[in-house]
Amino acid sequence: MKKPAWVIDKERARRDDARETVWLFGLHAVRDALMNPARERLRLLVTKNAADKLAEAIAASGMTPEMQDPRKFEAPIDPESVHQGAALEVRPLDWGRPEDVAAGGAGRALVVLLDRVTDPHNVGAVLRSAEVFGARAVIAPRHHSAPETGALAKTASGALERQPYLRVTNLAETMIALKGMGYLLLGLDGQAPLTLAQGVAQADGRPIGLVLGSEGPGLREKTRETCDALVRIPHAGDFGSLNVSNAAAVALYEVSRG
């Protein structure tokens, strides 16, 4: 019996994930990955200066570093990257199913959903804020979103190792599953009639999912329709809008006050 196309696609994606590797760089990102027992680590390239600064983490990881000449750093990363003499090849983290993390993960019953946010610096900053305010997960679609990269990890400044970042096949289906678990989904939209505070008040103790879209296009129509309510962050005068990482930080803070 021939396998359905969706089964074949799912198996192919699983094989691709198993082969995928990422090069992390920068002292903070590399140190936290070395100290993370859940992270599968493959190669560590360091200069003498970086090795001295990372000595404790290298010893804890059990890895044997490959020493590099600072003038000829051979890691396959962008030559303009501020690597600080350290690069680590790893496999992406596997946090499990979004529903499981949202149901019983660490932190308050709060998740962030990103709709086609592709800038790794924005996603890295969202991860930092999500960790600070205790969100259980940051969830994004597998396609048209920022994957784990060295730039994302460096901006996240270690949060990538601790804050679940899950990429799903279908964001709308994941949103529907979260709603079935009792989550109230609030989509951020600058033109929404409700304010963020009013939307959070509607939760009345229920878990909250904050849904943010990419700068410019914002939330896709299907994503908007799947939200329970659209809310806006009030602003003074003729100010335009916050970028997605700043909006996420403000929204997470508002929820944390409730």
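Q: Over how many bridges do β5 and strand β6 (residues 137-141) pair?
A: The model is a predicted one, in which local features need pLDDT of at least 70 and side-chain atom pairs count only at pLDDT 80 or more, while totals for chains, interfaces and linings use all residues. Residues are numbered from 1 along each chain as its sequence is written, and side-chain values use heavy atoms, without hydrogens or water. Strands are DSSP runs of E with at least two residues, helices are runs of H or I with at least four, both numbered from the N terminus, and two strands pair if DSSP finds at least two bridges between them. Leu 113 of β5 stands opposite Ile 139 in β6, and the two strands pair in the parallel sense, the number of bridges being three.

Q: Which residue in β10 stands opposite Val 112?
A: β5 and β10 run parallel and are joined by six bridges. Within this pairing, the residue of β10 opposite Val 112 is Leu 210.

Q: How many of the six residues of strand β5 (residues 110-115) are buried?
A: Buried means under 20% relative accessible area, exposed over 50%, and partly exposed in between, with a 1.4 Å probe and protein chains only. In a regular strand the side chains alternate between the two faces of the sheet. Leu 110, Val 112 and Leu 114 are buried on one side of β5, and Val 111, Leu 113 and Asp 115 on the other. The strand is therefore largely enclosed by the rest of the structure, the number of its buried residues being six.

Q: Which helix gives the largest share of the core?
A: A nonpolar core is a set of buried Ala, Val, Leu, Ile, Met, Phe, Trp, Tyr and Cys residues joined through side-chain atoms within 4.5 Å. The largest has 53 residues, and Leu 114, Leu 127, Tyr 165, Leu 210 and Leu 212 touch the most other members. Its largest share, six residues, comes from residues 244-257, that is, helix α11.

Q: Is Leu 196 buried or exposed?
A: Leu 196 is found in helix α9 (residues 196-203). Residues in contact with Leu 196 (heavy atoms within 4.5 Å), beyond four places in sequence, include Leu 210, Val 231 and Val 250. Because its relative accessibility is 3%, Leu 196 counts as buried.

Q: Is Thr 226 buried or exposed?
A: Thr 226 lies in helix α10 (residues 221-226). Not counting residues up to four places away in sequence, Thr 226 touches Ala 172, Met 175, Ile 176, Lys 179 and Leu 185. Because its relative accessibility is 7%, Thr 226 counts as buried.
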